[in-house]
Structures are given as structure tokens and as C-alpha cells.
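Trainee: Could we go through this model together, one question at a time?
Mentor: Gladly, let's bring it up first.

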Amino acid sequence: DDRLTPKVFPIAISLFIFIALGNLGGLLPGVGSIMIDTLSHGGQKELPLFRALTADLNLTFALAIIAIAVNQYFTIKLIGWKKYLHKYFNFSSPINFFVGVLEIISELSKILSFSFRLFGNIFAGEVLLTVMYYLIPLGVPIPFLIMEIFVGLIQAFVFALLFVVFIKVATTEE
């Protein structure tokens with residue numbers, strides 16, 4: 001849609017750049033390997049001083065909430081309040097009401113899907129690299145580093161792409 005592209009593209013590219021840099025930041029030397037001692041419920045615990053931004057569920061959850069909130073904003077702006085509310089609260093028949101309830105559940109599950117997909121992939125890569133460094137520290141982790149660069153860029157692209165697709169689907173007339 002010509003009226004949607006100039007408004008959505010800057011947000012999508014900003015999400016891509018922020019997430020890509022957050023993902024790749026975890027591959028910098030010292031990130032995840034410099035530990036600090038903390039006291040935790042009766043015992044001492046070591047925690048990493050620096051971590052990849054997107055290896056923290058709080059950030060990915062916040063990004064997902066922002067993406068879905070922007071999605072809802074553009075949907076209301078382009079199709080109007082009446083059609084927007086009718087999608088979720090349709091009392092014309094019991095089946096349409098049930099479909100509206102499923103639509104609400106679908107919108108809430110997008111938040112979980114967005115956040116856990118990004119967090120899970122980046123955190124798993126962080127764990128994989130840590131295991132490889134401890135098992136065989138010389139040479140063997142290099143292919144895994146290259147793979148993590150690729151995965152980090154792909155995850156940023158997928159997040160931004162899904163953001164755009166969800167907006168397009170939500171604003172398309174039936």
C-alpha cells in the first residue's frame with residue numbers, strides 16, 4: 001500500500017538495525033566471558049557482566065510489545081475503529097464471536113512468538129559458543145562464530161519481516 005510504506009519502512013529498518021547490532025554485540029570479545037560475583041539467596045553466583053542485548057528476554061519481550069502496539073496503531077489508523085473492533089467483537093453469530101475471541105488470542109500470542117523466537121535463537125547461540133570455547137578453545141569455535149553472525153542477521157531480518165507482514169495482513173480489507 002502506497003500510504004503505508006513510507007510510515008512502516010523506517011520503523012521496520014530501525015528494528016532490523018537495532019536487533020542486528022544487539023545480536024552481533026554478543027559476539028564481541030569479553031561479552032559473556034567477563035564474570036562478576038554476586039550473592040544470590042544464600043550462595044555466591046557468577047553472572048556475565050556484559051551480554052548480547054537480545055539474549056535477555058526482557059528486551060525481546062519489550063520489542064515484541066512495541067511491534068504489536070505499532071501494528072495495532074496502523075490497523076486502527078488505516079481501517080478505522082469500527083472495522084477494527086468488529087474484527088474482535090462480532091456478535092452477529094456465536095461462530096463470529098468465537099472467531100473474535102480467537103483473534104484476540106492470536107494477537108496476544110504474537111507477542112510471545114516474537115519475543116521467544118528471538119530470545120531462544122540468540123541465547124542458544126550464546127550457549128553453543130560457550131560450550132565450544134570450553135571444549136576445544138583453539139580453531140573449532142570459528143565456524144560457530146560465522147554461523148552465529150549469519151543467525152543473528154537472519155533473526156533480525158525475520159523479526160522486521162514479520163512486523164511488516166503482520167501490519168500488511170491486519171490492514172488489508174477482507
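Trainee: Is Thr75 buried or exposed?
Mentor: Before that, a word on the ground rules: this is a predicted model, where local features need pLDDT of at least 70, side-chain atom pairs count only at pLDDT 80 or more, and totals for chains, interfaces and linings use all residues. Residues are numbered from 1 along each chain as its sequence is written, and side-chain values use heavy atoms, with hydrogens and water left out. Buried means under 20% relative accessible area, exposed over 50%, and partly exposed in between (1.4 Å probe, protein chains only). Thr75 has a relative accessible area of 0%, so the verdict is buried.

Trainee: Which residues does Thr75 touch beyond its sequence neighbours?
Mentor: Contact means heavy atoms within 4.5 Å. Leaving aside neighbours within four places in sequence, the partners of Thr75 are Gly80, Tyr84, Ala170 and Thr171.

Trainee: Where does Thr75 lie?
Mentor: Helices here are DSSP runs (H or I, at least four residues), as strands are (E, at least two), numbered from the N terminus. By that numbering, Thr75 belongs to helix 2.

Trainee: How do helix 2 and helix 3 cross, and why does the angle get its label?
Mentor: The axes of helix 2 (residues 57-79) and helix 3 come within 6 Å and cross at roughly 120°; axes are lines fitted to C-alpha atoms, for helices over the stretch in contact, with angles from 0 to 180 degrees between N-to-C directions. Angles under 35 degrees count as roughly parallel, over 145 as roughly antiparallel, 65 to 115 as roughly perpendicular and the rest as oblique. The crossing of helix 2 with helix 3 is therefore oblique.

Trainee: Which residues of helix 3 make the contact with helix 2?
Mentor: On the helix 2 side, Gln72, Thr75, Ile76 and Ile79 take part. Their counterparts in helix 3 are Trp81, Lys83, Tyr84 and Tyr88.

Trainee: Why is the pair of Tyr84 and Tyr88 called edge-to-face?
Mentor: Rings of Phe, Tyr and Trp (its six-membered ring) pair if their centres lie within 6.5 Å; planes under 30 degrees apart count as stacked, over 60 as edge-to-face and the rest as tilted. That rule gives a count of seven aromatic pairs. For Tyr84 and Tyr88 the centres are 5.2 Å apart, and the pair is edge-to-face because the planes stand at 75°.

Trainee: Which residue joins Tyr84 and Tyr88 in a cluster?
Mentor: Tyr84 and Tyr88 both sit in helix 3 (residues 81-88), four residues apart, about one turn of the helix. Tyr84 is buried at 11% relative accessible area, and Tyr88 is buried at 7%. Ring pairs link these two with Trp81.

Trainee: What is the relative accessible area of Glu103?
Mentor: Glu103 is found in helix 4 and, apart from neighbours within four places in sequence, contacts Lys87 and Tyr88. Glu103 is partly exposed, and its value is 27%.

Trainee: How far is Lys110 from the ring centre of Phe166?
Mentor: A charge sits over a ring if NZ of Lys or CZ of Arg is within 6 Å of the ring centre and within 35 degrees of the ring normal. The charged end of Lys110 sits over the ring of Phe166, with a distance to the centre of 4.3 Å.

Trainee: Which residues does Ala20 touch?
Mentor: Ala20 has its place in helix 1 (residues 5-25) and is buried, at 6% relative accessibility. Not counting residues up to four places away in sequence, Ala20 touches Leu153 and Ala156.
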